[in-house]
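Please read the following report alongside the sequence and the coordinates. It covers strand pairing, burial, cysteines and internal cavities.

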Amino acid sequence: MNSTAELVFMIASLMMTGIILFFVYGYRKERGVGYLVGVVVCRMIYSSSVILEKSSDLLPYKLFFRNIQSTTMNLMVPFFLLFVYQLVGREKLGRPLWKIAMFMFFALWSLLSWLDPKLHLIYRTIELEQGHLMTTKTIYSMAFSVACYCILAACLYFLFQYIRSIRNDFRKPGMWVLFLSTFPVVLEMAKLIKPDWSSWMLPLSVYCGFTGTLMLLIMLRIKFFSTVPFARNLVLDTLQECIVVTNASGKIIDSNKRAADWFSEIGYGAIDGRHAADVLAAWPEWRELCKSMQQGRVEIDARVGGERRIYSVTVYPLHILRKQGQGSISLVVDITEKQRNLEQIAQLNRMKDQLFTIVSHDIRSPLAVQFQLIELLETDRDRFDSDHREIIETLGGQIRNTLGMTHNLLEWFRSQREDMTLRPQVLELAEVVEECCQLLLIASDAKQISLNNRIRLGTRVYADREAFGLILRNLLSNAIKFTGPGGSVEVYAQPSGDRVTVSVRDSGVGMEEERLRQLFTEAQFVSSAGTSGEKGAGLGLLVSRQFVERSGGSIWAESQAGQGSTFHFTMRGGAEG
């Protein structure tokens, strides 16, 4: 699921939770329901913070919203505990001092999350991986989480016992509602056991608003609202989405006000009591889902007020009390604006492609001509006096850096395009490395750095020639950039099975461990001045990584401050196929 659709569904789920809150708030004076309101409010804040975390790019902001999630999850435990105890008739925990003590304990523990940068009691590691916040908890935090889950499990057990004692006609639906209410707990337990799953499980935890809607639909099916029709109308008619309910024979037996208005606007009039086959004749896929009573999702279009609009229709089957084929419920959501935005994005992408094609030709070509001219001047620099030689060296360095940055930028853009294809072929590795060394000979000679090709003849790789050359030139350029005058750079290769590991080693300044971890991140472009003040945009390593990965290899680095660096990358070796 793409990020836009994911965001839309999370917001829709949050709205559903808000509707559930509105409904529950109407019964706040009933036994225990006041605390249930607190649970739903915490759940809404939790879902909002997940949406904001997914929309943020920087680690501090993501961590801020993650702390909000942790706080609301902690506070849900005493709210839920008090709700269950009051519901089942226990009064011990209902005393004011017990309530205050309980909430103080969970609030103080939540405070530790906000103070964790200094105390380090909650998180063992915090890092950003491909735009997702990944954390691992300390043993103290895990012990607290396990204790919370034990409390919730005890509460669910008491609820189970309570539901077993209620009216027979409400008992089985009540068990289904209890089962659906366990989904958020199960998801949180899964995130605790498998922290690396949290990046894709976070949206699922927000989607639990849809399970709440399913619980609402179950109550509709068992005629819960027959005793409180005002509440039924209040909930369903508050929804801005259309809801259409059909029975097993295909007759429309219920709909909300929004659905009735929508069908009237498109010329169908009243729909209650009519057969879905007649009403939905213009949308055969929707009609078939309702007829087969299967869950599915389709997109339809309709003319409303003379304007063509696009809708997403999700059909849910009604399988109540173990009885199959009881009917279906259709949820119709207007996604016209979303589709228009997607079309605008596609148009902007096409314009971007055209713009970069122009840039590639009209900017890179003149720079390449200037680069060739300055190389001719550098070849004959002995014919000039010292002042002119200094000007030529400065101009050469600037043009070389500008051309390199432009080339990397355009290649990075090319690597982002989905239609980009590589044309791998068998390459004599020593020859390709020698070509790259010759291209950088002037730059290395200017710093009196020796370039050494240590690769044996006969070592071959299966790779795209341009992509391989770009990777190697970027690594060699970086090695020259961060190696002082009189240093050395060497390239060697080590075949291993069907892979060849190519390595570029320099005797330069090396890197600290923190800088080494940031090298290949996409969160930001990291660049530093070279030993002679050379500058760059920080794109070279990012472009190299993307082309290595598109070639089916991997890239990594080894370095220590003051002891040089070695960059390794793998390519397919040997022969074609």
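The paragraphs below take these topics in turn.

This is a predicted model, in which local features need pLDDT of at least 70 and side-chain atom pairs count only at pLDDT 80 or more, whereas totals for chains, interfaces and linings use all residues. Residues are numbered from 1 along each chain as its sequence is written, and side-chain values use heavy atoms, with hydrogens and water left out.

Helices (H or I, at least four residues) and strands (E, at least two) are DSSP runs numbered from the N terminus, and two strands are said to pair if DSSP finds at least two bridges between them. Strand 6 has two such partners, as the table sets out.

| Strand paired with strand 6 | Sense | Bridges | One bridge pair |
|---|---|---|---|
| Strand 5 (residues 296–304) | antiparallel | nine | Val298 and Val313 |
| Strand 7 (residues 327–334) | antiparallel | seven | Tyr316 and Ile329 |

Strands 5 and 6 form a hairpin with two residues between them, and Gly305 in that turn has a positive phi of about 60°. Buried here means under 20% relative accessible area, exposed over 50%, and partly exposed in between, with a 1.4 Å probe and protein chains only. Strand 6 (residues 307–317) is largely enclosed by the rest of the structure, because eight of its 11 residues are buried.

Helix 22 (residues 540–550) is likewise mostly covered, with nine of its 11 residues buried, among them Arg545, Gln546 and Phe547. Gly552, which follows helix 22, has a positive phi near 85°.

If a disulfide is taken as a pair of cysteine sulfur atoms within 2.5 Å, the count comes to zero. Cys436 is in no disulfide, the nearest cysteine sulfur being that of Cys437, 7.0 Å away. Cys436 counts as buried because its relative accessibility is 3%, and Cys155 is buried with a relative accessible area of 1%.

A cavity is a set of points, on a 1 Å grid over the protein atoms alone, where a 1.4 Å probe fits but cannot get out, and lining residues have an atom within 4 Å of a point. Grid points are joined across faces, edges and corners, and a volume is the space filled by probe spheres set on the points. There are three cavities of 30 Å³ or more, and the largest holds about 40 Å³ of space. Its lining includes Glu53, Lys62, Arg66 and His132, and the elements that give two or more residues to it are helix 2, helix 3, strand 2 (132–137) and helix 9 (198–206).

Conventions: 1 Å grid on protein atoms, 1.4 Å probe; cavity = no way out; pocket = protein on both sides within 12 Å on 5 of 7 lines; lining within 4 Å.
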